[in-house]
Amino acid sequence: MKITVIDAQGGGIGRNIVASIKKEYPEADITAIGTNGIAASAMLKAGADRAASGENPFIVACRNAELIIGPIGIVIADSLLGEITPKMAVAAAQSSAKKLFIPFNQCGNIIVGVKDLSMKSLMANLMEEIDKLMKGTSACD
């Protein structure tokens, strides 16, 4: 499965996602896309197979991915402190890939009904969903 992990700002969320996936599924093929070089570098250091940054790599990676993982802001134009351009948001939202979003309530976007969870809890929930997808037991299949 071609997994694309997307993150912005310092890449801390993406770093945790990549490290968690590689720990559980070392054979996973992960492309890390940062909206900036710092985020891309953090995910590459965490074990991503390749990394790039910027708008065009983001768009191309969304087109080629089978699974996209990132904060919910990747489908909201001007989110993540303005690092998500309208073209990026459309590319992620319209991708035919399955998508797993981390529901962070920040940067002016509040997801009603979603409780603020610790990073540890969010990673545990994310890994449960990835496990279902990898085993073919997801409701998304």
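**Reading the sheet, pocket and helices**

Tutor: β5 and α6 each supply at least two residues to the lining of the largest pocket. Keep in mind that this is a predicted model.

Student: Which residues line the largest pocket?

Tutor: The lining is made of Leu100, Phe101, Ile102, Pro103, Val114, Leu117, Leu122, Asn125, Leu126 and Glu129. Each has an atom within 4 Å of a pocket point. The space in this pocket is about 160 Å³. Helix α6 gives the largest share, 4 residues.

Student: How do you know how the lining residues divide into nonpolar, polar and charged?

Tutor: Sort them by class. Leu, Phe, Ile, Pro and Val count as nonpolar, and Glu as charged, so Asn falls among the others, as polar. The result is 8 nonpolar, 1 polar and 1 charged.

Student: What is the strand order of the open sheet?

Tutor: The order is β3-β2-β1-β4-β5, and the pairing is parallel.

Student: What makes β3 and β5 edge strands?

Tutor: Each of them pairs on one side only. β3 covers 50–53 and β5 covers 98–102. On average, neighbouring strands of this sheet are turned by 20 degrees against each other, ignoring direction.

Student: How do you know that β2 pairs with β3?

Tutor: Two strands pair if there are at least two bridges between them. Strand β2, residues 29–34, is joined to β3 by 4 bridges. The cut-off is met, so they pair. Ile33 stands opposite Ala52 in β3.

Student: Which helix packs on the sheet and touches β1, β2 and β3?

Tutor: Helix α2, residues 37–45, does. Its direction makes about 170 degrees with that of β3. Angles over 145 degrees count as roughly antiparallel, so α2 and β3 are roughly antiparallel. Helix α6, residues 119–135, also packs on the sheet, touching β4 and β5.

Student: Why is α3 called roughly parallel to α5?

Tutor: The axes of α3 (residues 55–64) and α5 (residues 86–94) cross at roughly 10 degrees. Angles under 35 degrees count as roughly parallel. That makes α3 roughly parallel to α5. The axes of α3 and α5 come within 8 Å.

Student: Which residues of α3 and α5 meet?

Tutor: Glu55, Phe58, Ile59 and Cys62 in α3 meet Lys87, Met88, Ala91 and Ala92 in α5. By class, this contact has 6 nonpolar, no polar and 2 charged residues.

Notes: Residues numbered from 1 in each chain as written. Predicted model: local features only at pLDDT ≥ 70, side-chain atom pairs only at ≥ 80, totals over all residues. Heavy atoms only, no water. Axes fitted to C-alpha atoms, helices over the stretch in contact; angles between N-to-C directions. Contact = heavy atoms within 4.5 Å. 1 Å grid on protein atoms, 1.4 Å probe; cavity = no way out; pocket = protein on both sides within 12 Å on 5 of 7 lines; lining within 4 Å. Points joined across faces, edges and corners; volume = space filled by probe spheres on them. Parallel < 35°, antiparallel > 145°, perpendicular 65-115°, else oblique.
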